[in-house]
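Biologist: I am new to this structure and would like a close look at one part of it. Please take me through the salt bridges, one pair at a time.

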Amino acid sequence: MIGLTAQAFFPPSHRARVRAFAALAALVAFAMPAVGALGLALALGYGLWRPQREQPLWSETLDVPPLLQRAPRAPAKIAFTADALRQILGSRSAPERRFRAILATRALPPREAIPLLKTALADGSDEVRLLGFSRLEGVRREIELRIKARLSALEATPKDASARLHHRVAEDYWELAFLGLVEGEVYRHTLRTASEHAIDALALDPKNAGAALLLARVSLRLGDRDAARSALEAAVVAGMPRRRVAPYEAELALRDGRAGDVAALLAPLGGVRHDHVALTRVIAFWRGSAGE
Amino acid sequence: MSAPRRPKLAPGQRADVGLILEGTYPYVSGGVSSWVHQIIRGLPELTFSLLFIGGDSSQYEKMRYELPPNVVHLEEHYLVEAARRQQPKAIAGDARFLRQSEQLHDELRARAPLDRGALGAIIERLESDPRATQDDFLHSETAWGAIRERYLAYCPDLSFLEYFWTVRSTHAPLFMLARAAKVFPPARAYHSISTGFAGFLGMLLAERTGRPLVLTEHGIYSKERKIELLQADWLKDDRVSGGAAPDEVSYIRSAWIRFFEGLGRLTYHAASPIIALYDGNRLRQIADGAAEERTRVIPNGIDLARFAPLRDRRDAKVPRVLGLLGRVVPIKDIKTFIRTMRVVCSAMPDAEGWLIGPEDEDKSYARECHDLVANLGLEGKVKFLGFQKPEDVLPKLGLMMLTSISEAQPLVLLEGFASGVPCVSSDVGCCRDLVHGAAPEDRAVGVAGRVVSIANPDATARAAIELLSDEAAWRAAQQAGIERVERFYTLAQMIDNYRGVYGEAVSR
């Protein structure tokens, strides 16, 4: 069959010898089992008989490698709490330990890290003090540069299109105060500046509920209860959800001396989660459920 | 003004003292530079050659001091030139030199005593052919293998590229300094005003010539570099490993910090005496590897003849002017001074804050300070006066303010005391000793001002307001400052001390 099929591809000059080719192919096919078995037996026999003269290529003798000076490390996932770090910084621990505690504040949110960094400013070790200072300055500088950029943008923006920018600048000044990066008279000056920009934002866009709420919070901090009251009302009118306004209304009531109103004002917050056992009675008191 | 004098020693001539200065005199004004100027002028019987090391030549175009006649030589070397001058070529390298270098690195890393043999061989090789040694370290196959091995041994989880370039960046300037050591004219003694690159060069010069090396540290160089490096945003933290743990310094930052600590140890190894301005820094030098028996304290001193007459030029009434004499740079924490003025001006509307010092060293910081003045509504209240002669401004000040976050023994406080100006100072360096006194007989003199914690505008302002509104307290502080500086911090005492140090060194 093979011979006859192959004949079709032979050049014409060779087609006459097709019978001899077919006979040869038939002979090879017939003898293949015996020839194949014999070849396999000879190959195996030679392989087993022949002495091994060389090491196999896939293996090599090596010296025991020295231990690494530092083991490769998995990405760090160590958690630090502000309380633990505060304890280290407040204790008479070694300066190196306090230094590492300041480094570890990188893992904390700024609101928790900044009080710890301020503690470090009075530390006896230069390294701890300077690291704390430069970390504080880093946070403060970032906000101040943002303020500078936005104030420059404000100068280049037409007044009627600048409501959003005024709101952002007010938020930046508020952030400086809220994070505790400014204190004393500078704190009050910062809040006053935040208040001015929030007022400008509201004057240009009275429906900016966020700016109204911010103005209320700033006014509360400045002790200007009337301004806070107006701003809270403006926030509600502009569509701020009651739930977000409630804590500041409650704070205002407290500062007004209307402590009895606080529970009712906090009612919209109803199911607030609290994880601190010590606060249970305080929360129950303000909700008016003490002694129940 | 005529062109500044640039003296050069002829070949074969030598100076008495070779001063090695990194980033200070005569191109940068400030406390350390003033101190160097005082020393040179106070010792006219000695000749000085100056070797200035700077970062980039473009930052040091103008000399800030007129060189006294006893300065007989000045030359400058710039670290960035080290990177520009490299011409890589394929070479096999010197395995023995690399082994010795590795041994030295291991000793520095382990804070072990330095082996005289390995260090001596490296220095000898550096001195004999700095260029070939640089090529060996930076471009040879042997060095490549050594860098690879150390990478695998110490930080295999780090980016190799970052490791490789850190090794090159840190070491390249050292070869440039070795070339500088080869060409600097010989001196009878060398005096480095810091560790770091200046200290390393001092060590090379001392080894090459066999002459003594004196070291005076105003601040602690390696500590200052450490703080800078911890905040440097040009250094990226470990990328491959996913970052260092929050309470750890990343490997590359640590490597840079170790590099400067290593230079400190090499300088301490070669120098004698090792001088600090006050005992706190002397103890720090010992903790960092200085041999205790070679350490000593020489405090700063003030030229009373220059400053005492200024007391008579003061108004009878205490001026409500708070002055900060210093460069407008972050380490002086000018922003805290400005915030302090916000508080002071609210309580005392007639008060003024004067910033007296150059603004060209860190222009972006100076701009931020101007912005802060505007943001706090202090235009017209806080004035940037630029560089002024102390004699012109000191009689007009009610208080000398110092809000620095790091100092050693600031001359400005002593100059203020000598001129009859008490101070409010941050609690840095030995400022507490300057205000309250160090030794018992010094403390008995009284309190020359107030000391507050750093970066605390409220406390600083409270202290300033208290002194400015209580004339009796102000006068008591003024008297204590005058007496303290006249008894314990005179220029004559300091010059005498250095006359002794140099006399001993040049005759060694």
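Modeller: What follows goes through the salt bridges, with chain B taken before chain A. The model is a predicted one. Over all chains it holds 48 salt bridges.

Take B:Glu76 and B:Arg6, whose side chains meet in a salt bridge with N to O at 2.6 Å. B:Glu76 belongs to strand 3 (residues 71-78) of chain B, while B:Arg6 sits in the segment before strand 1 (15-22), so this pair ties together parts that are 70 residues apart in sequence. B:Glu76 has a relative accessible area of 19% and is buried, because the cut-off for buried is under 20%. B:Arg6, at 41%, counts as partly exposed.

Another salt bridge joins the side chains of B:Arg150 and B:Asp106, at 2.8 Å from N to O. Here too distant parts of the chain are linked: B:Arg150 is in helix 6 (residues 141-154) of chain B and B:Asp106 in helix 3 (residues 95-109), 44 residues apart. B:Arg150 is buried at 14% relative accessibility, whereas B:Asp106 is partly exposed at 34%.

The pair B:Asp279 and B:Arg282 also forms a salt bridge, with the closest N and O atoms 2.8 Å apart. Both residues lie in helix 11 (residues 279-287) of chain B, three residues apart, which is about one turn of the helix. B:Asp279 is partly exposed, at 38% relative accessible area, and B:Arg282 is buried, at 16%.

In chain A, salt bridges that share partners join A:Arg225, A:Asp226, A:Arg229, A:Asp256, A:Arg258 and A:Asp261 into one network.

Notes: Residues are numbered from 1 along each chain as its sequence is written. Chains are lettered from A and ligands numbered from 1 in the order in which they are written. This is a predicted model: local features need pLDDT of at least 70, side-chain atom pairs count only at pLDDT 80 or more; totals for chains, interfaces and linings use all residues. Side-chain values use heavy atoms; hydrogens and water are left out. A salt bridge is a side-chain nitrogen of Lys or Arg within 4 Å of a carboxyl oxygen of Asp or Glu. Helices (H or I, at least four residues) and strands (E, at least two) are DSSP runs, numbered from the N terminus. Buried means under 20% relative accessible area, exposed over 50%, partly exposed in between (1.4 Å probe, protein chains only).
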